[in-house]
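Hi,

Here is the structure for you to look over. My notes follow below it.

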Amino acid sequence: MLKETNNTIVALSTPLGSGAICVVRMSGEDAIKIADKLFANSKGKKPSEFVSRMMELGEFKADGFCEQILCVVFRAPNSFTGENLVEFQCHGGIRIADGIIKSCISHGATMATAGEFSKRAFINGKMSLEKAEGMMDMINAESEAEIRAGYDLLKGKVGKETIWAQNKLVDLLSEVEVSFDYPEEDIEYVTKEKVQKVASEIIAKLNTLIETSEVGKQIKDGISLLILGEPNVGKSSLLNALTQTSRAIVTDIAGTTRDTIEETLLIDGVKFKIIDTAGIHKTEDVVENLGIERAKDLINSVDLCLCLVDCSKKRNEKDEEVLALTNNVSRIVVGNKKDLAKEPKQVADIYISTADEKSINELKKKIIKTTVKQNISSGVVITNARHLDALKRAKKHLEKALSSLKDGASLDLVSIDLNLAYSALGEITGNTSGEDIISSIFAKFCLGK
Ligand SMILES: Nc1nc2c(ncn2[C@@H]2O[C@H](COP(=O)(O)OP(=O)(O)OP(=O)(O)O)[C@@H](O)[C@H]2O)c(=O)[nH]1
Ligand SMILES: [Mg+2]
């Protein structure tokens, strides 16, 4: 376990810049003592006399200026960090917040490092590692789905599952220990049977969690969509219509787009990465050809291809080429320019016109239906690569325990793998993580968090 530190740290908790308010946080044994030297409410009361968690209006005497601010005191252990913690809410000017921080430092506080408040919360047992990561995921979220997944982590949904598995392993290991003390054959037999049953049960649970990581990847990285089609079919117009921007240049000149253009898009709170490409056709143009190759290279690595065809025209050899290239991948054939024809002249999965919002919304629905693996808002989802790695390692150790048992290995040998599985699972909540790992995780957090 990490060493507890009790020097007092201070940092700006809101973004650096001018705004309505700024929040400065100070945490540590002397936080309230330092605040006493700098702040008093309108009746002259000092923070040490304030009721915990009650906001007080008063005056902060900084080095060089005074400022009317709000102050809240949280007494250890009932604070975010588990230490004495004081929050100052001042007017949102960079210099004001800076002056408040400098005054705290001149009275004994030190500047916090990135993630240090959260790291202290972890060290003081206020928050497990995966909950802290969930909190950061919420802060960095680009979609509602990411916020939901981060909140599930923060609320301990993933931790609960791993603790369940760890508890099962603790029970099992204690039974294995007992069988060491009483090495009668029938006890050993019963214990081995139990190991087999419980390890299989845990593996099943781990498998369920590991399987959700595909959805987790979709949530975290976004679902990738590749727009393909002959020149002038309306690919760039579709990118612009889906993202409601003018990101890509649109002209009636065939070969306008030569490189891939990537944009992020939210549909129903789910993040998508959409890629516009150069029109696929035979050309002598070196630059265009490079663009076409890039488009083709992406076909097998994206989640879905949107193959655009002009439904006001008959299918041509360029359409055929696009369809042949995407025959074995997930795709939607989109018949564009439906406004130009009374009846579509070629078959497609959906007919749209890039200027027609209704048809674009229908396409969005179809995209969601085709790509989103499950209702992203329900159930525990593994979104974090570190958690996935730990789950996979735990599973590997349990499988090894099972195969050793099958090969007639002794229980003390099997118990080594059970212990390793326990340790791997503990890395998720942090209860078996080393200092280096913990420090490197919190160092990625923002300053003041
Ligand atoms: N009538 C009609 N015209 C459209 C539609 N969508 C796009 N266009 C027009 O088709 C022409 C080509 O559009 P782009 O979006 O540049 O086509 P592209 O597929 O990106 O073309 P390249 O980049 O050259 O491969 C432009 O003049 C657009 O205004 C549509 O739904 N209906
Ligand atoms: Mg284009």
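**Sheet and helices**

Helix α3, residues 116-123, lies across β1 (9-12), β2 and β7. Its direction runs at about 135° to β1. Bear in mind that this is a predicted model.

Those three strands belong to an open sheet of seven. The order is β3-β4-β5-β6-β2-β1-β7, and the pairing is mixed. At the edges sit β3 (39-41) and β7 (110-111), each of which pairs on one side only. Helix α1 (residues 31-38) also packs on this sheet. Helix α1 touches β2 (19-27), β3, β4, β5 and β6 (85-92). The direction of α1 makes about 70° with that of β3.

Within the sheet, look at β4 (residues 56-62) and β5 (residues 65-74). They run antiparallel, joined by seven bridges. Lys 61 stands opposite Cys 66 in β5.

**Asp 276**

Next, a residue in another strand. Asp 276 lies in β10, which spans residues 270-276. Which side chain of opposite charge is nearest to Asp 276? Lys 235, at 5.6 Å. A salt bridge needs a side-chain nitrogen of Lys or Arg within 4 Å of a carboxyl oxygen, so Asp 276 has none. Yet Asp 276 is buried.

The Asp 276 side chain does make a polar contact, with the side chain of Ser 236 at 2.5 Å. Leaving out residues up to four places away in sequence, Asp 276 touches Lys 235 and Ser 236. Its other contacts are Ile 227, Leu 239, Ala 248, Thr 257, Asp 259, Thr 260 and Ile 261.

Best wishes

How values were computed: Residues are numbered from 1 along each chain as its sequence is written. Chains are lettered from A and ligands numbered from 1 in the order in which they are written. This is a predicted model: local features need pLDDT of at least 70, side-chain atom pairs count only at pLDDT 80 or more; totals for chains, interfaces and linings use all residues. Side-chain values use heavy atoms; hydrogens and water are left out. Two strands pair if DSSP finds at least two bridges between them. Helices (H or I, at least four residues) and strands (E, at least two) are DSSP runs, numbered from the N terminus. Contact means heavy atoms within 4.5 Å. Axes are lines fitted to C-alpha atoms, for helices over the stretch in contact, and angles run from 0 to 180 degrees between N-to-C directions. Buried means under 20% relative accessible area, exposed over 50%, partly exposed in between (1.4 Å probe, protein chains only). Lys and Arg count as positive and Asp and Glu as negative; His and the chain ends are not counted. A polar contact is a pair of N or O atoms within 3.5 Å; within protein, one must be able to donate a hydrogen and the other to accept it, and residues adjacent in sequence count only if both atoms are side-chain atoms.
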